[in-house]
Amino acid sequence: MAVRQHDIPADVPADHPPAHAAAHGAHAEGQQHPIKLYLWIWGLLFVFSAFSYMVDYFQLQGALRWTLIIVFMIIKASFIVAIFMHMAWERLALKLAILVPPLALLILIGLMAIEGDYTFLTRIAWFAK
């Protein structure tokens, strides 16, 4: 296996043989997280799923129902993205590149919904005269 220059870590001098550099890079490259962390998050996902089902079991209705369902959904999605997709250990620039566009879309959708309601209510008021 050939070792490219950019695969060699910065702390390995250039005069070292490629096999040594590749072996050194293999140790520094991977990142292991304890299995306990994954099992803990997996358990939390089950707990928040149970909370979501309890909203239906207790027959909550209206805004409270949808608020709780969406909050539990966002919490579960955040755990999945942060831990199982390893986003918690990424650089800030990558986090912002992935998280800011959906947030901007949600804000724009909210603004469009407000404008749509205003337009709809204005037309009803106009035609109701």
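Tyrosine 57 is a convenient place to enter this predicted model, since its relative accessible area of 64% makes it exposed (exposed means over 50% relative accessible area, buried under 20%, and partly exposed in between, with a 1.4 Å probe and protein chains only). Residues are numbered from 1 along each chain as its sequence is written, and side-chain values use heavy atoms, with hydrogens and water left out. Because the model is predicted, local features need pLDDT of at least 70 and side-chain atom pairs count only at pLDDT 80 or more, whereas totals for chains, interfaces and linings use all residues.

The overall fold comes next. The protein contains four helices and zero strands, and reading along the sequence gives the pattern α-α-α-α. These elements are DSSP runs numbered from the N terminus, with helices (H or I) of at least four residues and strands (E) of at least two. Of the 129 residues, 12% count as buried. The protein exposes about 10800 Å², and carbon and sulfur atoms supply 72% of that area; accessible areas come from the Shrake-Rupley method with a 1.4 Å probe, and for residues only the protein chains shown count as cover. Among contacts with a separation of 6 or more, 49% are accounted for by residues 24 or more positions apart, where contact means heavy atoms within 4.5 Å.

Aromatic residues offer a good deal to look at, with seven aromatic pairs in the structure. Phenylalanine 51 and phenylalanine 72 form one that is tilted, at 5.6 Å centre to centre and 40° between the planes. Rings of Phe, Tyr and Trp (its six-membered ring) pair if their centres lie within 6.5 Å, and planes under 30 degrees apart count as stacked, over 60 as edge-to-face and the rest as tilted. This pair links distant parts of the chain, as phenylalanine 51 is in helix H2 and phenylalanine 72 in helix H3, 21 residues apart. Phenylalanine 51 is partly exposed at a relative accessible area of 32%, while phenylalanine 72 is buried at 12%. The rings of tyrosine 57 and phenylalanine 58 have centres 5.3 Å apart and planes at 75°, so this pair is edge-to-face. Phenylalanine 58 is exposed, with a relative accessible area of 54%.

Phenylalanine 72 deserves a second look. Together with Phe48, Phe51 and Phe79, Phe72 forms one aromatic cluster. Not counting residues up to four places away in sequence, phenylalanine 72 touches Phe48, Phe51, Ser52 and Val55. Its C-alpha atom is separated by 9.8 Å from that of valine 47, 25 residues apart along the chain. A further ring is accompanied by a charge: arginine 65 lies over the face of tryptophan 66, at 5.2 Å from the ring centre. For a charge to sit over a ring, NZ of Lys or CZ of Arg must be within 6 Å of the ring centre and within 35 degrees of the ring normal.

The loops also repay attention. Histidine 33 has its place between helix H1 (18-29) and helix H2 (35-57), and is buried with a relative accessible area of 13%. Leaving aside neighbours within four places in sequence, histidine 33 is in contact with Tyr38, His86 and Trp89. Histidine 86 is itself in a loop, between H3 and helix H4 (92-127), and is partly exposed at 33% relative accessible area. Most residues other than glycine have a negative phi. Histidine 86, however, has a positive phi of about 60° although it is not a glycine. Glutamine 59 likewise has a positive phi, near 55°. Glutamine 59 is found in the loop between H2 and helix H3 (62-84), and is exposed with a relative accessible area of 61%.

Finally, the largest pocket holds about 280 Å³ of space. Its lining consists of Met73, Ile74, Ala77, Ser78, Val81, Ala82, Leu99 and Leu106. H3 and H4 each supply at least two lining residues, and H3 gives the most, with six. A pocket is defined on a 1 Å grid over the protein atoms alone, as an open set of points where a 1.4 Å probe fits, with protein on both sides within 12 Å along at least five of seven lines; lining residues have an atom within 4 Å of a point. Grid points are joined across faces, edges and corners, and the volume is the space filled by probe spheres set on the points.
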